[in-house]
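Q: I would like a close look at one part of this model, followed by an account of the interior around it. Please take the part and its surroundings in one connected answer.

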Amino acid sequence: MTDLAQRLREGTQISHTLSENTAFMKCFLKGVVELEPFRKLTADLYFLYSTLEAEMASHQTHPVVGPMVFAELLRTRPLEGDLAYYYGDRWQHEISATPAGQRYVNRILEVSATNPALLVAHAYVRYMGDLSGGQGLRHIVRSALNLPPDKGTALHEFDDLPTIEAKRDFKLKYREALNALPVDEALIQQLVDEANLAFALNRDVFHELEPDVRSAVGDHVFDLITRQDRPGSTEPHPHHGMVALVATE
């Protein structure tokens with residue numbers, strides 16, 4: 001057993017805080033969710049998850065990757081449902097990755113080809129975020145976009161983990177699986193570094209969408225919302241805020 005789960009959490013705290021303090025996330029957490037940038041983000045996430053899940057599946061027999069493939073977590077199909085809602089039945093012909101989204105996808109393909117164990121870092125950042133902060137973001141989106149009860153937020157809905165308790169228990173199971181992986185100190189550090197890179201690639205996606213948000217809400221409102229930094233929700237501080245579209249435990 002190792003302390004990989006704790007190392008990933010502690011080793012990415014600064015990156016997590018930086019992600020929460022992007023202008024995109026500051027607006028999001030204030031309930032400022034505009035349809036066009038949000039559906040672009042959903043499309044980027046579809047390309048990201050479909051790539052990550054296909055690559056992890058292709059390494060099912062890998063001693064580090066295989067144990068971290070969980071059917072309960074798969075997001076590709078839920079995202080297909082979200083895209084059908086936001087873009088219509090021909091959504092596959094309507095969407096494309098943003099340049100930042102494509103760079104994120106390319107990095108996943110690169111590590112899959114050269115050092116598949118690092119896929120675990122990308123999975124950690126994505127799925128732990130979905131199960132934690134993503135649950136709060138789901139409510140923000142539903143309210144801001146006035147969505148129908150069963151449309152538009154499937155990314156953050158886990159049919160196999162329907163309750164808060166089920167999600168909490170699964171996150172414990174996930175951390176235990178991380179700690180049981182056959183990794184040495186060198187690989188642990190590589191995984192932490194890769195997780196930090198995943199956060200950076202995620203921030204680039206947010207930054208690329210910020211002009212769309214600014215144009216939708218106007219310069220004055222955008223600047224009012226984004227001028228003050230937030231304390232990091234994974235760092236110790238008196239009042240824990242909402243967490244971002246990225247990992248926290």
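Against which helices do the buried residues of α12 pack?

A: In this predicted model, the buried residues of α12 pack against two helices, α3 (residues 23–29) and α11 (residues 185–217). Helix α12 itself covers residues 219–226, and its buried residues are Phe-222, Ile-225 and Thr-226. Seen down the helix axis, these buried residues fall within an arc of 85°, so they line one face of α12.

From α12 the view can be widened to the core. The largest nonpolar core has 74 residues, and those with the most contacts inside it are Phe-28, Met-68, Tyr-174, Leu-178 and Leu-191. The helix that gives the most to this core is α11, with twelve residues, and α11 is also one of the helices against which the buried residues of α12 pack. In soluble globular proteins, nonpolar side chains tend to be buried together. Met-68 offers a worked example of the contacts: leaving aside its neighbours within four places in sequence, Met-68 is in contact with Met-56, Val-120, Tyr-174, Ala-177, Leu-178 and Leu-181. Of these partners, Tyr-174 and Leu-178 are themselves listed among the residues with the most contacts inside the core.

The interior also has enclosed spaces, since the structure holds four cavities of 30 Å³ or more. The second largest of them, with a volume of about 60 Å³, leads back to α11, because the elements that give two or more residues to its lining are α4, α7 (residues 99–114) and α11. Its lining consists of Leu-41, Asp-44, Leu-45, Leu-48, Gly-101, Tyr-104, Val-105, Arg-126, Asn-202, Val-205 and Phe-206, a set that divides into seven nonpolar, two polar and two charged residues. Here α4 gives the most, with four residues.

The largest cavity has a volume of about 110 Å³, and of the 14 residues that line it, those closest to its centre are Phe-38, Thr-42, Val-141, Leu-155 and His-156. Two elements give two or more residues to this lining, namely α4 (residues 35–58) and α9 (residues 133–145), and α4 again gives the most, with four residues. By type, the lining of the largest cavity divides into eight nonpolar, four polar and two charged residues.

Taken together, α11 packs against the buried face of α12, gives the most residues to the largest nonpolar core and contributes to the lining of the second largest cavity, while α4 gives the most to the linings of both the largest cavity and the second largest cavity.

Note on methods. Residues numbered from 1 in each chain as written. Predicted model: local features only at pLDDT ≥ 70, side-chain atom pairs only at ≥ 80, totals over all residues. Heavy atoms only, no water. Buried < 20%, exposed > 50% of the residue type's maximum accessible area, 1.4 Å probe, protein only. Arc of directions from axis to C-beta. Contact = heavy atoms within 4.5 Å. 1 Å grid on protein atoms, 1.4 Å probe; cavity = no way out; pocket = protein on both sides within 12 Å on 5 of 7 lines; lining within 4 Å. Points joined across faces, edges and corners; volume = space filled by probe spheres on them. Nonpolar A, V, L, I, M, F, W, Y, C, P; charged D, E, K, R; others polar. Core = buried A, V, L, I, M, F, W, Y, C linked by side-chain atoms within 4.5 Å.
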